[in-house]
Amino acid sequence: MAQFLQAHSEEKLDADLIAAKCDCDRRNIHTLLGPAVQAGLLTRAEDLESGELVYRAGKVALNVPEQPGSGGFHGWLERKGIASAEGRAVPRSESSAPPPTAPAPQARKQSPRFTMDARAVPIEKGVPLPSGVKVMDWSPLLDKLEPGDSFLVPYAARSSISTAVKAYKDATGKTLATRTLEAGIRVWRTK
């Protein structure tokens with residue numbers, strides 16, 4: 001796409017036009033062209049008339065000599081040795097196109113592939129499932145509250161205490177209130 005836009009510097013293309021030209025899904029355009037934008041081969045900006053993101057040639061030139069009949073996305077596929085909708089695949093060793101001069105995006109370090117024979121894993125019966133989350137029991141503290149009493153807990157306890165107060169209200173019918181203050185979360189027994 002960078003090669004096409006640099007050859008046609010007056011052109012600006014949105015994701016729909018690029019998807020049609022490159023025979024790919026529109027939803028992937030911004031992800032696929034992101035490295036070219038970062039490398040300066042393309043620029044991406046919002047078109048004020050349509051509100052769509054459009055691509056134009058960037059300030060960095062892509063120096064790939066044009067080969068007859070092998071330009072664009074399909075030519076790139078063929079140079080990689082992959083068959084395209086427009087022609088046959090050329091084995092990689094026969095391709096004379098030099099690699100692009102644009103900096104390659106950083107490759108993610110891949111962890112080694114895990115393999116094992118699943119038939120060799122022993123089955124164990126009766127092993128109890130541990131609880132994924134340790135639930136704090138607030139009931140002893142809430143039971144001690146008399147009407148008008150309160151206590152303060154840190155902000156980190158917000159979710160835990162809110163859940164406990166609701167469950168305690170539902171189970172006992174006692175009226176409790178919570179408020180977020182500068183010092184933390186305060187819980188009152190009102191009735």
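1. Long-range contacts are a good place to start: of the contacts in the chain with a separation of 6 or more, 43% are between residues 24 or more positions apart. Contact here means heavy atoms within 4.5 Å. Please keep in mind that this is a predicted model, where local features need pLDDT of at least 70, side-chain atom pairs count only at pLDDT 80 or more, and totals for chains, interfaces and linings use all residues. Residues are numbered from 1 along each chain as its sequence is written, and side-chain values use heavy atoms, with hydrogens and water left out.

2. Now the overall layout. The chain has six helices and six strands, in the order α-β-α-α-β-β-α-α-β-α-β-β from the N terminus on. These elements are DSSP runs numbered from the N terminus: helices are H or I with at least four residues, and strands are E with at least two. Of the 191 residues, 24% are buried; that word means under 20% relative accessible area, while exposed means over 50% and partly exposed in between (1.4 Å probe, protein chains only). The accessible surface is about 14,300 Å², and carbon and sulfur atoms hold 54% of that surface. Such areas come from the Shrake-Rupley method with a 1.4 Å probe, and for residues only the protein chains shown count as cover.

3. Asp14 deserves a look. This residue sits in strand 1, residues 13-14, and is buried without a salt bridge; Arg26, the nearest side chain of opposite charge, is 6.0 Å away. For the charges, Lys and Arg count as positive and Asp and Glu as negative, with His and the chain ends not counted. A salt bridge is a side-chain nitrogen of Lys or Arg within 4 Å of a carboxyl oxygen of Asp or Glu. The side chain of Asp14 does reach the backbone nitrogen of Leu17, at 2.9 Å. Beyond its neighbours within four places in sequence, Asp14 contacts Glu52, Leu53 and Val54.

4. Next door is Ala15, in helix 2 (residues 15-22). Ala15 counts as buried because its relative accessible area is 0%. Setting aside neighbours within four places in sequence, Ala15 contacts Arg26, Ile29, His30 and Leu53. Its C-alpha atom is 8.3 Å from that of Tyr55, although the two residues are 40 apart along the chain.

5. Helix 3 (residues 29-38) has Ile29, Leu33, Gly34 and Ala36 among its buried residues. The buried residues of this helix pack against helix 2, strand 2 (42-46) and strand 3 (53-57). Just after helix 3, Gly40 has a positive phi of about 85°.

6. What joins Arg26 to Asp16? Their side chains meet in a salt bridge, 2.6 Å from N to O. Arg26 is in the loop between helix 2 and helix 3 and Asp16 is in helix 2, so the pair ties together parts ten residues apart in sequence. Arg26 also forms a salt bridge with Glu52, with the closest N and O atoms 2.8 Å apart. This second pair links distant parts of the chain, as Glu52 is in the loop between strand 2 and strand 3, 26 residues from Arg26. Arg26 counts as partly exposed, because its relative accessibility is 31%; Glu52, at 28%, is partly exposed as well.

7. The count comes to five salt bridges. Another of them joins Arg119 and Asp117, at 3.0 Å from N to O. At 75% relative accessibility Arg119 is exposed, whereas Asp117, at 39%, is partly exposed. As for the pairs in point 6, salt bridges that share partners join Asp16, Arg26 and Glu52 into one network.

8. On the surface, Phe114, Met116 and Val121 make a nonpolar patch of about 340 Å². Such a patch takes residues with over 30% relative accessible area and no salt bridge, with nonpolar side chains (Val, Leu, Ile, Met, Phe, Trp, Tyr) joined within 5 Å and like charges within 9 Å. Val121 lies in the loop between helix 4 (72-79) and helix 5 (139-144), and is partly exposed at 41% relative accessibility.

9. Finally, please check Arg189, in strand 6 (residues 185-189). Arg189 is buried yet has no salt bridge, and Glu146, the nearest side chain of opposite charge, is 4.6 Å away. A polar atom of the Arg189 side chain lies 2.8 Å from the backbone oxygen of Leu145. Not counting residues up to four places away in sequence, Arg189 touches several residues, including Leu145, Glu146, Pro147 and Lys174.

Terms used
A polar contact is a pair of N or O atoms within 3.5 Å; within protein, one must be able to donate a hydrogen and the other to accept it, and residues adjacent in sequence count only if both atoms are side-chain atoms.
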